[in-house]
Amino acid sequence: MQVPWNFRFGIVILGDSSVGKSSLLHRYTEGTFDESRQSPLGIDFKVSNMYFDPDVVIKLLLWDTAGQERFRSICKSYMRNSVGCILMFDVSQRQTFDRVRSWQQEVLDYVKPNPMFFVLVGHKCDLAVGRQVRKSEGDALAKKLNMLAYLEVSTKENINVKETFETLTRGIYNLFQQGKIPTRGDWQGLTVGATVQKESPVTKKSACCNCG
Amino acid sequence: MEYEGRSGQSSSSISPKKNVRRNLDFEPLSTTALILENRPANLPAKPEEEAQKHRQEYEEMVAQAKKRELKEAQKRKKQLEDRCKHEESIGNAALTWSQEILPNWQSMCSSRRVRDLWWQGLPPSVRGKVWSLAIGNELNITDELYNICLARAKEKWNAFVAPTAAAETENEDAGLSHADREASLELIKLDISRTFPSLCIFQQGGPYHDVLHSILGAYTCYRPDVGYVQGMSFIAAVLILNMDTADAFIAFANLLNKPCQMAFYRVDHSLMLTYFAAFEVFFEENLPKLFAHFKNNSLSSDIYLIDWIFTLYSKSLPLDIACRVWDVFCRDGEEFLFRTALGILRLYEDILTHMDFIHIAQFLTRLPDDISADEIFSSITTINMNSKNKKWAQVLQALQKGQDRGSPLLKH
């Protein structure tokens, strides 16, 4: 059977409860904003394909983690099988920003010796009033914690949603091309599938998105 | 007989008289619709002998048709009788349950006959009553205690609405921080509107909105150490649909107090892993091929089991089927939840064997809605909950002793 993707990345979305993890994922995969969405029990996931260059297909396995604090232990096993992490905070809730550093540390300790690459997302940037974290603070923290980028995102207004996933995927892909990410048989974070077919744009068609 | 009748009809339709045939194109229900015609005037008349033969053939055909119609009528009558019988049996079952079994619950509940009747599904009219009895009330909760818990919950809601007054009650809470409690209250509000949204009865303004809110709120006061956990709203809702408020609360608290439910709702991760590991023992034994396929795809059972076990299938299966699962869950206990899971896997084994990780996970987390109760229950029947002469509880206990091993499919 032909493998329709060239690479598969596991991506996990983390952050304090109600910073908007599920709604970001929902906006990205379904294209809509749904305020009344069910928060996942333990863990939920979506699948999405991303096309590069234009003949590289990357399948993204997107793990959405539970909102409620006590489900966190369940989510840990899914961190292990991820190579990328979208770490989110709410720009209108200072304490969610303050927890970013410990979130990252927790994740890195947990996935050792496998690597994990982060983008930092300051969510709900559409809020005109009530902002408690400045953009410059987000930028500085992402730099300090060695993250790939800091993005200010609004799921509601559809600002920087696609860019978040693309920045992370592109970043990981580039690092992999530079040989900075080893693959291992027992690690599902980054899996190599079909060899990249340089002259076959047909791959793109045969591997259309299958989420839902 | 049936065949002869049919062949008679078809031979009559190969009549050379195309125009007559066209008239009959509407497919006569029986051969009586054929008209025994004389030859047209411009043709010589049939010899008497032939006419006689044709008349005889015609009469035979009519006789066949009558026979067939009689047979069909009998079949219809039988179907009607069966349906009546089925309805009657539901009625009878309801009677049997309410007049015979319920008054003698203690002595009858574990008899072979009752257990068989139970498996077939409880009549809706006695369902709540049987659930209450089967779940029991080990915690000795009274209606009064429920009212006390509810009153406390209401106080807190009011305090929450007017935060200045909150300071006083805040310290009373055992082990719950203000933020947690706030989140809990917010979550209950949010989750109620997401509970069986298609039924439109739990949403704001719906007839059961306040009842659901009350039960969940009262529980957070009854068990502040557990609090509100997502998934609970579905369990409470199913109970509310089958019993009155105080009974629903009693059943709710007792149900959540059962070892398996406590392990999950307190998110005791290592104990949950033990449950998954026990499940996988029976998975491998009952469905070795599918088990190997899942293993090759590194698909661990928690992906689908968490949702199924937390909400006791009420979110994943159509509500009527979920209620039948609850029926037997009340009879057989936690093991039936895992047996049901294996029944579902068994039912879809052929499809699942041809899927990869992503498709399996997607399929199992969003089961088809046209799932049939009969199919799923006959599939569950084939699942054997004996592993090397060990029952579910024994397997679980053995795993609990050597806990650290965990699930062979789960990677840690």
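Here is a walk through a predicted model with chains A and B, going from one chain's fold to the contact and then to the cores.

Let's start with chain A. Its 212 residues are 56% buried, and the chain carries 7 helices and 7 strands. If you trace it along the sequence, the elements come in the pattern β-α-β-β-α-β-α-α-β-α-β-α-β-α. As for how the chain folds back on itself, take the contacts in chain A with a separation of 6 or more: 75% of them join residues 24 or more positions apart.

One spot worth zooming in on is A:Asn6, which sits in the segment before strand 1 (7-15) of chain A. Is A:Asn6 buried or exposed? Its relative accessibility is 1%, and buried means under 20%, so A:Asn6 counts as buried. Its side chain has a polar partner too: a polar atom there lies 2.5 Å from the backbone nitrogen of A:Val57.

Now swing round to where the two chains meet. Chain B puts 30 residues into the contact and chain A puts in 27. Between them they bury about 2600 Å², with carbon and sulfur atoms giving 53% of that area. On the charged side of things, the interface of chain B and chain A has 1 salt bridge. To find it, look for B:Arg366 and A:Asp44, whose side chains come to 4.0 Å, N to O. Polar contacts between chain B and chain A come to 3 residue pairs, counting those with both residues at pLDDT 80 or more.

Which elements of chain B give two or more residues to the side that touches chain A? They are helix 14 (269-286), helix 16 (302-310) and helix 20 (357-365). Helix 20 of chain B gives the most, with 6 residues. By type, the residues on this side of chain B split into 14 nonpolar, 10 polar and 6 charged.

Finally, the insides. The largest nonpolar core has 155 residues, and B:Trp97 and B:Leu345 have the most contacts inside it. Helix 14 of chain B, already met at the interface, supplies the largest share of this core, 10 residues. B:Trp97 is a good place to park the view: leaving out residues up to four places away in sequence, its neighbours include B:Trp105, B:Trp118, B:Leu102, B:Pro103 and B:Val130. Apart from that core there is another, of 33 residues, and among them are A:Leu25, A:Tyr28, A:Phe117 and A:Val153.

Technical notes:
Residues numbered from 1 in each chain as written. Chains lettered and ligands numbered in written order. Predicted model: local features only at pLDDT ≥ 70, side-chain atom pairs only at ≥ 80, totals over all residues. Heavy atoms only, no water. Contact = heavy atoms within 4.5 Å. Buried area = accessible area lost by both parts, 1.4 Å probe. Polar contact = N/O pair within 3.5 Å; in protein donor to acceptor, adjacent residues only side chain to side chain. Helix = DSSP H or I, 4+ residues; strand = E, 2+ residues; numbered from the N terminus. Nonpolar A, V, L, I, M, F, W, Y, C, P; charged D, E, K, R; others polar. Buried < 20%, exposed > 50% of the residue type's maximum accessible area, 1.4 Å probe, protein only. Core = buried A, V, L, I, M, F, W, Y, C linked by side-chain atoms within 4.5 Å.
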